[in-house]
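Here are my notes for your review. Please read them with the structure open beside you.

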Amino acid sequence: NSPSYNVELLSEEEEQDEEEEVELSVLYNGAEKTCFYGRTPALFTHDVVVDESDTTTPDWFSAVPINPSMKLRQGLVDSVVFEGTSSFEVQICPGSIASENRAGFDIVDLGWNLVDSLKKPVLNEDGSRRLRQHYKSNVHTAVVGGDAFARHRTRAVLWEEAYQEGLNSESGCAELIEQVSIVEESPDTIVIDLVDEAIMAKRRVHSETPLTTACVLSIVSALAAETDVCSIEPVYEMSLFNDVAQWIVQSGVEEERPWFDAGLTGEGQVVAVSDSGLDTNNCYFWDASAGEKRDGSIDMTRRKVVQYIPHWVAGDNTDIENGHGTHVAATVAGRRAVNGYAESNGMADGIAPGAKIAFFDMGNGSRCCTFRRATTLLKTGKDAGAKVQNISWGTKSNAYDAKVRDFDRYMYDHDDFLTVVAAGNYGQSHGLNTVGSPATSKNGIAVGASQSAGGDIYNVHQLGPDYLAAFSSRGPSKDGRIKPDVVAPGLSILSARSLPNTIGECDPETRPTPGQAVQGVSSKAGTSMAAPVVSGSVALVRQYFEDGYYPTGHKSYSNDAFSPSAALVKAIILNGAQNMAGAQEQWYGNGFIAVSPYDNHVGFGRVNLLHSLPLKDKNDFRAKVYDRQSISNTQEDAYHFNIDTSQCSVDNGVSITLVWTDPPAETGCAKCLINDLDLTVTNLKNNNNAPVFPNGRFGKDDRNNVERIRLDGNDVQHGDNLYVSIKASNLSTASQKYSLVITGCVEEGDAPVTPAPVTKAPITPAPVNPAPVNPSPVTNAPITKSPTKSPTKSPTKSPTMEPTMKLETPLTQTITTTYEGGSGEAGNMFDLHTKSSKVTITNFQIHTSSTQTEIVEIYTRKGTHVGYERRPTAWTLIGEVSVTGRGYGNPTILPAGAITPVVIEPNQIQTFYITLQNNKHMVYTIGTGTTDPIVSDANVEIMEGVGKGYLFRGTVLQRRWNGAVEYKADEVL
């Protein structure tokens with residue numbers, strides 16, 4: 001917990017009294033600690049890590065050397081052994097390039113130096129022991145001891161075996177080093193491809209030596225032993241993952257397209273699309289005028305496609321028959337022109353038919369999708385004004401990998417740029433953690449697929465747009481963030497069909513049935529089809545602000561036109577997203593499971609633009625937006641709003657969404673959020689001033705950089721005062737910009753009043769427009785009659801509150817099970833039954849076998865744990881806290897305020913899951929299977945439960961929780 005992150009370390013030349021600035025990158029930023037990595041002077045590392053007598057190091061600081069095994073990202077070995085991966089992203093440690101101190105020396109030069117160093121073990125008699133020596137070095141012995149060190153030794157032996165059969169053998173593996181290609185992926189990352197066919201062909205290099213698993217692993221191990229390398233991960237194989245869709249996302253009411261009626265078609269917008277290829281002669285793109293170029297140049301006079309960047313190796317600049325890219329691009333912005341000049345309404349017009357396309361071809365024939373550098377890909381159309389890129393492809397990796405990091409970095413550096421990414425098609429049987437990279441980015445929008453409606457209904461088993469398609473990938477991301485972000489129609493979407501040898505292919509006489517491909521149109525399904533629906537919607541939202549529709553809901557020169565940030569556009573899309581009814585269980589069949597906002601199925605809900613921004617005479621609410629607001633660490637920004645229903649309907653309640661573009665995290669991060677902001681809303685005339693927390697939680701959210709709060713029509717009424725607080729709880733940078741949107745019957749109030757302390761448990765926000773159990777059309781939002789001017793932020797004043805009735809606070813009571821257990825897991829689940837009194841659970845005491853610092857997570861749900869042991873979405877996180885264990889037989893008391901208080905009504909069951917992160921130090925007692933309470937008092941009783949692994953893994957039956965529950969009984973007036 002350093003008070004400052006500007007670290008200056010003494011160099012080896014201490015006698016010169018000089019200081020050396022060390023370049024560091026943030027690995028983890030939490031409330032309890034911040035972790036960095038980077039290159040440090042050798043003497044400093046030795047002093048801090050090895051020399052225990054050193055008393056100059058501050059007690060808030062510690063350092064650990066990065067050993068080779070720590071550099072290998074999870075899944076690397078499996079990808080080599082089972083998928084034959086031979087291409088790797090190698091991240092160079094901060095400061096390595098500067099340490100070379102040579103003019104003109106770049107990251108690719110460093111890469112070749114690394115590759116050259118791989119040849120040394122072949123010539124060196126002891127070369128085969130290099131990796132093992134890293135595991136057995138004195139530094140590692142000082143850091144890792146006991147069983148952990150034994151496991152390191154075992155891994156070292158296994159890696160040495162691969163090394164002996166690979167680089168250090170006579171199999172010819174070393175010869176393959178001459179054939180690698182090295183390409184700069186980003187300023188600190190290179191791609192090393194061991195078998196790049198295109199590069200090999202250009203060099204006329206050929207080898208009969210097979211690229212064996214042992215050879216690949218030995219090369220990877222040798223790279224990991226290099227001090228300039230900080231991480232290695234596999235390059236995962238990329239795979240490809242509307243007129244009906246128009247009205248679904250614009251209004252949810254059949255054939256109603258209010259945004260088109262208002263003149264919002266995407267005109268003036270350019271959307272970048274990267275995909276398999278594009279048939280520019282299809283009537284939805286065709287420009288019959290002369291001068292078309294598909295060489296990467298920009299021509300804004302073209303009817304539809306203003307830039308076409310051909311494939312980087314093969315020069316491919318078209319699509320295959322019925323190709324993926326043509327379908328996707330037309331869903332974004334296709335517009336029919338039968339003769340290549342005059343436009344007319346077509347059966348496959350896109351979501352933003354007035355927009356234009358900048359296209360990046362990632363396909364080579366039937367093969368897709370490859371690109372070399374994220375910045376090259378993402379700057380497609382930049383000079384043409386593209387502010388959004390549609391990405392309907394991805395991998396199966398659920399982690400925060402190098403490409404995701406580079407995407408987030410680009411969006412952080414270009415705050416008006418947004419990626420919209422297909423979530424993936426691996427969600428069959430409700431498979432969690434199936435959203436794939438790059439949809440796992442923090443700053444983009446990940447899109448799941450709903451079913452469609454009308455003529456796009458695939459079969460009798462399809463339930464409609466309020467239901468998630470069975471194939472749509474589910475969240476969360478590997479580090480626990482909400483994914484997908486939103487959902488849009490992606491089942492049986494009609495769009496353009498490529499016919500490469502035909503000019504002007506267009507609509508048939510009758511609309512094709514779902515799944516058919518006829519003449520110039522075809523029907524396809526997938527999150528690949530859903531993402532362009534959202535990309536087109538983003539173009540409409542950008543036009544809304546740039547053409548001066550805000551805040552009145554109609555185009556006016558008196559409005560303040562401006563170019564919105566990507567964070568604001570994302571906030572608006574997610575703020576207006578609507579609840580859904582369920583998720584289809586199987587592709588064929590009308591069974592479904594229930595879903596809820598912020599869950600792993602639908603995220604924030606289905607896109608609905610009519611609930612996102614005011615449109616004159618089309619809906620009836622107001623919007624306030626605050627863009628690019630800057631906040632410093634620990635600062636609080638306060639906004640004050642009055643509920644005024646005199647010219648507005650409160651039926652749809654109030655929706656408030658905060659979004660910020662977070663700095664990029666490091667690959668493989670376990671907690672990827674770098675800067676943590678917290679949104680709360682307090683109704684100063686209701687709910688006893690209890691704050692409402694975002695994303696359906698009982699407490700703060702420190703995982704997501706999107707936070708939404710909804711108050712339904714029962715929670716707000718005319719005359720209410722809303723206090724909206726945004727606090728910078730934990731920043732790793734000096735400041736952070738954010739965007740905020742609030743919709744409803746809101747008017748800016750006077751200077752905000754700071755709410756009084758909470759006297760009751762926080763309330764849980766109710767969902768807006770609860771989704772129907774059976775399919776039904778989404779109704780229109782009410783009509784705007786009295787537009788308001790652009791908002792301004794008011795300063796925070798001292799608290800002024802009316803007197804309230806005083807409550808006599810009851811005494812805290814404790815019910816204890818035992819501290820005599822001996823077995824253990826990461827956590828426990830157990831039920832707690834209340835008797836005749838209402839109780840409030842305020843804290844826990846736990847039993848740990850360790851005396852080290854532990855991270856404790858506490859979850860709860862109403863009802864029993866039985867049947868929900870492996871269903872994370874059924875539980876709510878109410879606390880995450882760092883605590884020092886007190887060892888066997890002693891209570892470890894969680895600090896005050898560790899959990900959000902939980903109110904339990906009389907004669908009810910509430911279940912709790914208390915777990916430690918990533919270890920088995922939680923102690924329990926073996927049970928008997930009894931259904932009787934294991935301990936009871938006048939107010940509550942605790943039942944026998946189960947042992948649980950971390951993150952809901954593994955269940956051990958008949959286990960009795962060790963610890964104590966602190967609670968208060970009924971409050972007395």
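The points below go from the whole chain to single residues.

1. Overall. This is a predicted model. The protein has 973 residues, and 58% of them count as buried. Its secondary structure comes to 17 helices and 46 strands. The accessible surface is about 38500 Å². Carbon and sulfur atoms account for 48% of that surface.

2. Annotated site. Which residues carry the "active site" feature in UniProt? The record, an unreviewed entry, names Asp-275, His-324 and Ser-528. They are spread over 254 residues of sequence, yet they cluster in space, with a largest C-alpha distance of 10.0 Å.

3. His-324 and Ser-528. His-324 sits in helix H13, residues 324-333. Ser-528 belongs to helix H16, residues 527-546. The side chains of the two residues make a polar contact at 3.0 Å. Are they buried or exposed? His-324 has a relative accessible area of 12%, so it counts as buried. Ser-528 is at 0%, and is therefore buried as well. The cut-off behind both calls is 20%, because buried means a relative accessible area under that value.

4. Hairpin S3-S4. Strand S3 covers residues 25-29 and strand S4 covers residues 34-37. They pair in the antiparallel sense, over 4 bridges. The two strands form a hairpin, with 4 residues between them. For a reference point in the pairing, take Val-26 in the model: Phe-36 in S4 stands opposite.

5. Helix H15. This helix runs over residues 402-413, 12 residues in total. From first C-alpha to last it reaches 16 Å, close to the 16 Å expected at 1.5 Å a residue. H15 is mostly covered, with 9 of its 12 residues buried. The buried set includes the charged-type names you may want to inspect by eye: Lys-403, Arg-405, Asp-406 and Asp-408 are among them. Val-404, Phe-407, Tyr-410 and Met-411 are also in the buried set. At the N-terminal end, Asp-401 acts as the cap of H15. One of its side-chain oxygens lies 3.2 Å from the backbone nitrogen of Lys-403.

6. Thr-817. This residue is in the loop between strand S32 (813-816) and strand S33 (823-825). Which residue does its side chain reach through a backbone oxygen? The partner is Trp-961, at 2.7 Å. Thr-817 and Trp-961 are 144 residues apart in sequence, but 7.1 Å apart in space, C-alpha to C-alpha. Beyond its neighbours within four places in sequence, Thr-817 is also in contact with Ile-934, Val-935, Ile-942, Asn-962 and Gly-963, among others.

7. Cis peptide bonds. Most peptide bonds are trans. The bond from Ser-437 to Pro-438 is cis, with omega near 5 degrees. Pro-438 lies in the loop between strand S15 (418-422) and strand S16 (445-450). The bond from Gly-475 to Pro-476 is also cis, with omega near -5 degrees. Pro-476 is in the loop between strand S17 (467-468) and strand S18 (486-489).

8. Positive phi. Most residues other than glycine have a negative phi. Ser-492 has phi near 60 degrees. It is found in the loop between S18 and strand S19 (493-496). Its relative accessibility is 2%, so Ser-492 counts as buried. Leu-951 also has phi near 60 degrees. Its loop runs between strand S44 (945-948) and strand S45 (955-961). Leu-951 is partly exposed, because its relative accessible area is 39%.

Notes:
Residues are numbered from 1 along each chain as its sequence is written. This is a predicted model: local features need pLDDT of at least 70, side-chain atom pairs count only at pLDDT 80 or more; totals for chains, interfaces and linings use all residues. Side-chain values use heavy atoms; hydrogens and water are left out. Two strands pair if DSSP finds at least two bridges between them. UniProt positions are given in the numbering used here, feature names are shortened, and annotations may be inferred rather than shown by experiment. Buried means under 20% relative accessible area, exposed over 50%, partly exposed in between (1.4 Å probe, protein chains only). A polar contact is a pair of N or O atoms within 3.5 Å; within protein, one must be able to donate a hydrogen and the other to accept it, and residues adjacent in sequence count only if both atoms are side-chain atoms. Accessible areas come from the Shrake-Rupley method with a 1.4 Å probe; for residues, only the protein chains shown count as cover. The expected span of a helix is 1.5 Å times one less than its number of residues. Contact means heavy atoms within 4.5 Å.
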